[in-house]
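Please take a moment to look over the structure shown below before reading on. The paragraphs that follow lead through a few places in it, one after another.

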Amino acid sequence: MAMAERNVVILGGGFAGLYTALELLRLPNAAASHITLVDRQDRFLFAPLLYEYLTGEMEEWEIAPPLRSLLPPPSTVLQDHVTQIDLNRRQIHLAQGSPLSYDALVIALGGETPDFGIPGVAEHAYFFRTLADARRLYQRLQLISSRTQIRIVGGGPSGVELACKLADRLGSLGEIHLIDRGSQILSGFSGATVRAAEQALARRQIPVHLGRQVTAVGKDYLQWQAGQELRQEPVDLVIWVAGLGVNPQVQALDLPKNPRGQLHVTPTLQVPDHPDVFALGDAASLVDADGKPVPASAQAAFQQAGYAAWNLWASLDPHPFRPLLPFRYQPLGEMLSLGSDTAVLSGLGLTLSGSLGYLARRLVYLGRMPTWEHQLKLGWQWIRRPLTFLRENLS
């Protein structure tokens, strides 16, 4: 069957889904295939920069450009919610639109922040994963006018970055505590990154409470347990960034999964026994061609997209010179924003921190923006903003 007759459906417009579509369009004759990208949101979110939006360092258009501006016609972008993935009939059922038939499917539905069934989390805590989450939290921060007790639950990168950013934004108006049930913040990160984060938290006088399991969240309190101790303390704001959950439609599939609910995939990113279905990003449990477990991170999704696009293209139009490529993950380092105008970048035997780390992080992320048009627009904005600030303050 000719490539022009193939329908490629991509579920999810994040790093994994959008970048797979863009990479596929760059391959010879692949543009003849019709690509339909489905996401419940109308914007692509460059999640690592979501903190800068929350603190007013960046505007919404900088970190969340419309998907339709990034994926031009004849590709189709549908803002809709996936209600069922029917692998037997090769159909995707949507909340509003008609079912979509596919010849090849990419499952790149992003993860969700779980509440672990803890009472009050869904009702009273503020999540921080989507643009809608950030908007809601931004509006809440706008109301702070006096000393506010803030608890951030989750000692991973999101919790650490949020704590530092909010401390710099709120100053004396915020008393911020970081809580995690584990024995260390930033589990799995390098020692250099952990030390830089601990120093940044200490400079901002942010207490870190390890070994605490949150058991309930109320309108004005947080309850936690540590060993035999059970306590309830008054709080004004709880921000919940603990854990990673799998999209319900992925969980509903009758396919082999890991204990977290992620789909097992082959090194070529294909679902076993379904060579027309690819899964990547937060939806996939993957051991790469070198036997290394692949983390659920934006960096990994970014790398998987290129392989997924090539393998999808090669599988749709088989050719002896187009072998399917097993994915090989290349850890390129770690980056964390640790407040206004400071960050840490660690990798390849090098660690940069402070203002130099901040600049390096910005440049790396600029290069990873999805299109060169957005890169140019954003780069100019980043140059113009400090120049405008200097001109206004010197005049």
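**A pair of helices and two single residues**

In this predicted model, Y138, L141 and Q142 of helix α6 meet L166, R169 and L170 of helix α7. The residues that form this contact of α6 with α7 divide into four nonpolar, one polar and one charged. Two packed helices are described by the angle between their axes and by the distance between those axes. Here the axes of α6, which covers residues 131–142, and of α7, which covers residues 157–170, come within 12 Å and cross at roughly 30°. Because angles under 35 degrees count as roughly parallel, α6 is roughly parallel to α7, and the crossing of the two helices is right-handed.

From this pair we can turn to a single residue in another helix. T20 is found in helix α1, which spans residues 15–25, and its relative accessibility is 1%, so T20 counts as buried, given that buried means under 20%. Setting aside residues up to four places away in sequence, T20 touches I10, F15, V106, L280, A305, A308 and A309.

A residue in a loop comes next. G211 lies in the loop between strand β11 (208–210) and strand β12 (213–217), and with a relative accessible area of 36% G211 is partly exposed. Apart from its neighbours within four places in sequence, G211 is in contact with D180, R181, G182, Q225 and A226. G227 is 16 residues away from G211 along the chain, and the C-alpha atoms of these two residues are separated by 8.1 Å.

Technical notes:
Residues numbered from 1 in each chain as written. Predicted model: local features only at pLDDT ≥ 70, side-chain atom pairs only at ≥ 80, totals over all residues. Heavy atoms only, no water. Helix = DSSP H or I, 4+ residues; strand = E, 2+ residues; numbered from the N terminus. Buried < 20%, exposed > 50% of the residue type's maximum accessible area, 1.4 Å probe, protein only. Contact = heavy atoms within 4.5 Å. Axes fitted to C-alpha atoms, helices over the stretch in contact; angles between N-to-C directions. Parallel < 35°, antiparallel > 145°, perpendicular 65-115°, else oblique. Left-handed = near helix turned anticlockwise from the far one by under 90°. Nonpolar A, V, L, I, M, F, W, Y, C, P; charged D, E, K, R; others polar.
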